[in-house]
Amino acid sequence: MSLGGRLGRWIFLISLLAGAAIFTWHVLSPIHAVGAIDTAARADDHAQIEEMVDLASFKTSLTDEIRQNMTETQDGEAPGTLRYLGADLTAAFARPIIDNAVTPANIAALIRQASENGETEASSQPGLFSSGDWEIEREGFDAFVARQYRGAKPVGLGLRFSRNQLNWTLTAVELN
């Protein structure tokens with residue numbers, strides 16, 4: 001066999017392995033990220049939670065969720081401008097509370113509570129590549145949302161993760 005033929009096989013094999021590694025990372029890394037943050041929350045490991053959460057983005061998303069919920073709640077009850085003004089005022093008053101309440105300890109408690117809401121006996125001890133009963137909903141290559149379901153209905157909250165180089169960071173919460 002010629003040198004070019006052997007080299008071509010090696011290039012093909014390396015390309016195939018690289019593609020398999022990228023595909024495996026794409027599929028397993030969200031499951032691992034959810035399992036890791038769930039395990040850290042159960043262990044009450046605040047340092048690990050702080051590493052895995054972008055606190056500034058998390059606080060902003062929570063404020064935005066409150067504003068959006070207030071706007072939706074007041075649909076039809078108040079004229080347009082007043083509806084948005086009420087939602088903005090509520091968010092402005094809530095922001096200092098959110099700034100003080102969003103801590104690694106409270107995020108751990110929130111995740112523990114969410115895990116317990118959707119937990120089944122089979123999922124009570126997540127392992128390295130287990131996310132318990134968390135369902136992963138991909139949003140392109142750079143984001144996903146983990147949700148707990150009971151049947152077809154979402155239970156609790158959604159945890160939004162964004163890609164941070166090769167790792168995932170919890171950046172937002174979605175209230176259901």
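In this predicted model, 4 strands make up an open sheet, arranged in the order β1-β2-β3-β4 with antiparallel pairing. The edge positions belong to β1 (134–138) and β4 (167–175); each has a single partner strand, so one side of each is left without a neighbour in the sheet. From one strand to the next, the twist averages 30 degrees. Strands of a sheet pair through backbone hydrogen bonds, which may run parallel or antiparallel.

The edge strand β1 pairs with β2 (residues 143–150) in the antiparallel sense, and 5 bridges join the two. Two of the facing positions are as follows: Glu137 has Val145 of β2 as its bridge partner, and Ile136 stands opposite Ala146, also in β2. The hairpin of β1 and β2 has 4 residues between the strands, and Gly140 in this hairpin takes a positive phi near 80 degrees.

The largest pocket holds about 270 Å³ of space. It is lined by 13 residues, of which His32, Ala33, Met52, Asn167 and Trp168 are the closest to its centre. Two or more lining residues come from each of α1 (3–42), α2 and β4. Of the elements, α1 gives the most to this lining, with 5 residues. The edge strand β4 is thus also one of the elements that line the pocket. The lining divides by class as shown below.

| Class in the lining of the largest pocket | Residues |
|---|---|
| Nonpolar | 6 residues |
| Polar | 6 residues |
| Charged | 1 residue |

Confidence varies along the chain. The mean pLDDT of the chain is 79, with 79% of residues at 70 or more. Helix α2 (residues 46–52) has the highest confidence, at a mean of 93, whereas helix α4 (residues 80–101) has the lowest, at 79. Over residues 120–131 the pLDDT falls below 50, and this stretch has 19 contacts in the model beyond near neighbours in sequence. Where pLDDT is low, the predicted coordinates should not be read in detail. Helix α2, with the highest confidence, is among the elements that give two or more residues to the pocket lining.

Notes
Residues numbered from 1 in each chain as written. Predicted model: local features only at pLDDT ≥ 70, side-chain atom pairs only at ≥ 80, totals over all residues. Heavy atoms only, no water. Pairing = 2+ DSSP bridges. Axes fitted to C-alpha atoms, helices over the stretch in contact; angles between N-to-C directions. pLDDT = per-residue confidence, 0-100. Contact = heavy atoms within 4.5 Å. 1 Å grid on protein atoms, 1.4 Å probe; cavity = no way out; pocket = protein on both sides within 12 Å on 5 of 7 lines; lining within 4 Å. Points joined across faces, edges and corners; volume = space filled by probe spheres on them. Nonpolar A, V, L, I, M, F, W, Y, C, P; charged D, E, K, R; others polar.
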